[in-house]
Amino acid sequence: MNILVTGGCGFIGSDYLNQMVIKYPFDNFICLDKLTYAGNLNNIDSIKDKDNFKFIKGDICDEKLVDDLFKDNHFDLVINFAAETHVDTSIINPDIFYKTNVLGVLNLLKASNKYKVGRFHQVSTDEVYGDKPLNSKDSFVETDALHPSSPYSSSKASAELLVMAFHRTYNLDVTISRSVNNYGNNQNKEKFIPKVIDCLKSGKEIPLYGDGLNIRSWIDVSKNNYYIDMISRFANNGEIYNISDNFEISNIDLIKLIAKYFNITDFKIKYIENRPGHDERMSISNYKLTRFILGIEEGRL
């Protein structure tokens, strides 16, 4: 297969490439990345010289570049990791989020349809659902309505609607994955876990929104990418899957857990004013995903 991976120098995309370029030596991978602050060529240093890998610097919002790229390569699979993702930044400057996360996706979809791509997979987020109350016990499922809380999550929800519109109108083969928060190597220091680790090791105060009781779900980035690989290759056309490891924890308890891991007992938390529209509890069900993966492992799919 010929596979285009957009945003492949970012945290999640680079982990995907580092795994799959080795796992599938007979597939050809092209990485398209703008190399903003979140993208780093060092993240893919171990695969840059592989025969089945090629890097192209470029922006998914560049319509001509995208069209030429699709025209010159017959892509069997496109996986879109490219996105602006930092919620705080989206509140301050939402414009770039809609440009990349919506118009950029539109460019990819138009080229995918024009040049008959085999499948388009959109990497999305659990944040498109909005939140549950802190005292709730249930979780979002794939058929629930989308109620995004921030400019970031609304841009990702908008991208999903575009994907499904191209599926309905143009019969484009698509899949979508909605992942919980990822953690792992090469994550940008603006994100919660790297920031906490940096503050703990440097003795700085750890900034924490509100009372720290907001709950998030977490998954290892490599496990997340295993699921993305399975969904993008084997799921039925038009399917959407939640990706979760069923690990939920409050922000304050996660700080304590990380401090315990590093055997640090003397640390300070700086409570700051709660973020506008801050989701209380984010929780998604992985029941559909679990059944799907079980079917693959048992050879029924």
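This is a short talk on the overall build of one protein chain, then on one strand and one residue in it.

What we have here is a predicted model, so please keep that in mind throughout. I'll start with the whole chain. Its secondary structure comes to nine helices and 12 strands. The radius of gyration is 19 Å, close to the 19 Å that the globule rule gives for 301 residues, so the chain is as compact as a globular protein of that length. If you lay the C-alpha trace along its principal axes, it spans about 55 × 45 × 40 Å.

Next, contacts and surface. Take the contacts in the chain with a separation of 6 or more: 81% of them are between residues 24 or more positions apart. Of the 301 residues, 50% count as buried. The accessible surface comes to about 14,200 Å², and carbon and sulfur atoms make up 50% of that. On charge, there are 35 positive and 40 negative side chains. The centres of those two sets lie 1 Å apart.

Now to strand 4, residues 77-80. Which strands pair with strand 4? One is strand 1, residues 2-6, which runs parallel to strand 4 and is joined to it over four bridges. In that pairing, Ile3 stands opposite Leu77. Another is strand 5, residues 119-125, also parallel to strand 4 and also joined by four bridges. Here Leu77 stands opposite Arg119. Leu77 therefore has a residue opposite in each of the two strands, Ile3 in strand 1 and Arg119 in strand 5.

What about the faces of strand 4, covered or open? In a regular strand, side chains alternate between the two faces of the sheet. In strand 4, Leu77 and Ile79 are on one side, with Val78 and Asn80 on the other. These four residues are all buried, and both faces of the strand are covered.

The last item is Ile269, in strand 12, residues 269-272. Is Ile269 buried or partly exposed? Its relative accessible area is 21%, and buried means under 20%, so Ile269 counts as partly exposed. What does Ile269 touch, leaving out residues up to four places away in sequence? The contacts are Ile206, Leu208, Ile252 and Ile255. Of these, take Ile255: it is 14 residues from Ile269 in sequence, and the two are 9.1 Å apart in space, C-alpha to C-alpha.

To recap the two close-ups: strand 4 is covered on both faces, while Ile269 is partly exposed.

Note on methods
Residues numbered from 1 in each chain as written. Predicted model: local features only at pLDDT ≥ 70, side-chain atom pairs only at ≥ 80, totals over all residues. Heavy atoms only, no water. Rg over C-alpha atoms; globule rule 2.2 N^0.38 Å. Buried < 20%, exposed > 50% of the residue type's maximum accessible area, 1.4 Å probe, protein only. Contact = heavy atoms within 4.5 Å. Areas by Shrake-Rupley, 256 points an atom, 1.4 Å probe, with all protein chains shown as cover. Lys, Arg positive; Asp, Glu negative; His and termini not counted. Charge placed at Lys NZ, Arg CZ, Asp CG, Glu CD.
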